[in-house]
Amino acid sequence: MASKRAKSDYVIRGILYLVAAVFALPAVYVIFSSFWTEGGFGLGQYQRLFRDYPSYLVALRNSFFYAVVITAGGLLLSVPVAYLFAKVRFRGRNSLFFIYIVIMMLPAQSTILGQYLLMQSLGWIDTRQALYLPLMLSPLTVFLLRQNLKLISAELIDATRLETNSFFVLLLRIVLPQIKGTIAAAGVLLFCESWNIIEQAMILLPRNEEIKPLSVMMGRYPEELRAACAAVYLAPVGVILLVFALRSLGGGKRAGER
């Protein structure tokens with residue numbers, strides 16, 4: 001029985017690796033293409049990109065800034081909101097959470113007009129905060145954390161409240177250790193989503209070229225350098241996804257050994 005289960009695990013794992021390899025092929029092709037020049041393989045594309053187009057590094061720095069700020073701020077705000085929906089009883093909680101789910105299902109194009117009008121009334125058009133503040137409170141992150149928080153027993157939380165009345169102590173000692181895996185997964189999703197901002201940046205930052213992210217500026221560079229541009233653009237997300245996948249794989253092996 002154990003041998004059959006082990007064989008089925010290997011088959012499932014092999015299928016998952018195959019699917020992952022198929023999805024990774026476009027990125028691998030772009031990376032190899034970035035090293036191809038007329039004289040063969042080399043760093044010519046990268047040398048020309050960084051030498052002749054310093055604005056590329058500025059846009060790359062902007063993308064890092066937005067992705068880090070949105071991810072950190074989103075996780076910081078989403079944990080207490082998710083705890084509120086999961087463990088605090090108040091009138092209208094389920095209705096308010098239903099509105100959150102509806103917002104999560106709406107495409108970004110349907111809410112961008114409201115964001116633009118709000119930022120315009122605040123005088124924030126063409127400023128950094130116009131881009132990262134609306135994206136911090138992600139309904140998807142709140143939904144994922146709430147589903148995990150519901151699994152924490154009420155007895156454990158009540159026992160902690162007997163020792164302290166501080167909400168922050170409760171979060172640090174009990175809540176965060178219980179949901180750190182979900183926080184990591186939500187952080188990866190939020191970083192990837194904020195790294196690929198396009199519509200919001202084009203509409204909320206229409207004129208200020210110096211603060212636009214690289215996702216918007218990619219089309220400004222010559223076609224013969226597009227492979228190098230895309231390879232550098234893919235690198236941060238690829239590294240984060242690889243580290244997360246290896247960590248998850250290592251955690252699965254340790255669980256299997258136990």
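A pocket is an open set of grid points with protein on both sides within 12 Å along at least five of seven lines, and its lining residues have an atom within 4 Å of a point. The model used here is predicted.

**Exercise 1. The second largest pocket**

Task: Describe the lining of the second largest pocket: how many residues, from which elements, and of which classes?

Solution:
1. Start with the volume. The second largest pocket holds about 560 Å³.
2. Count the lining. It has 23 residues. Gln115, Pro134, Leu135, Pro139 and Glu193 lie nearest the centre.
3. Place the lining on the chain. Two or more residues come from each of α4, α5 (108-122), α6 (129-136), α7 (139-149), α10 (180-195) and α11 (199-204).
4. Sort by class. The lining has 15 nonpolar, 6 polar and 2 charged residues.

**Exercise 2. A nonpolar surface patch**

Task: Find which helix gives the largest share of the nonpolar patch, and decide whether Phe98 is buried or exposed.

Solution:
1. List the members. Leu84, Phe90, Leu96, Phe98, Ile99, Val102, Ile103 and Leu106 form the patch. Together they have about 670 Å² of accessible area.
2. Assign the helix. Helix α4 (residues 93-105) gives the largest share, 5 residues.
3. Take Phe98. It sits in helix α4. Its relative accessible area is 55%. The cut-off for exposed is over 50%, so Phe98 is exposed.

**Exercise 3. Asp126 and its partner**

Task: Work out where Asp126 lies, what is notable about its phi, and which residue it pairs with in a salt bridge.

Solution:
1. Locate the residue. Asp126 is in the loop between α5 and α6.
2. Check the backbone. Phi is near 65°, a positive value in a residue other than glycine.
3. Check the cover. Relative accessibility is 14%, so Asp126 counts as buried.
4. Find the partner. Asp126 forms a salt bridge with Arg207, with the closest N and O atoms 3.3 Å apart.
5. Compare positions. The pair links distant parts of the chain, 81 residues apart. Arg207 lies in the loop between α11 and α12 (214-217). Arg207 is exposed, at 60% relative accessible area.

**Exercise 4. A salt bridge within a helix**

Task: Explain why Arg48 and Asp52 are separated by about one helical turn.

Solution:
1. Confirm the contact. The closest N and O atoms of Arg48 and Asp52 are 3.9 Å apart, in a salt bridge.
2. Count along the helix. The two are separated by about one turn because they are 4 residues apart in helix α2 (residues 44-52).
3. Check exposure. Arg48 is partly exposed at 30%. Asp52 is partly exposed at 40%.
4. Widen the view. Arg48, Arg51, Asp52 and Glu224 are linked in a network of salt bridges.

Methods: Residues numbered from 1 in each chain as written. Predicted model: local features only at pLDDT ≥ 70, side-chain atom pairs only at ≥ 80, totals over all residues. Heavy atoms only, no water. Patch = residues over 30% accessible without salt bridge, like charges linked within 9 Å, V, L, I, M, F, W, Y side chains within 5 Å. Areas by Shrake-Rupley, 256 points an atom, 1.4 Å probe, with all protein chains shown as cover. Salt bridge = Lys/Arg side-chain N within 4 Å of Asp/Glu carboxyl O. Buried < 20%, exposed > 50% of the residue type's maximum accessible area, 1.4 Å probe, protein only. 1 Å grid on protein atoms, 1.4 Å probe; cavity = no way out; pocket = protein on both sides within 12 Å on 5 of 7 lines; lining within 4 Å. Points joined across faces, edges and corners; volume = space filled by probe spheres on them. Nonpolar A, V, L, I, M, F, W, Y, C, P; charged D, E, K, R; others polar.
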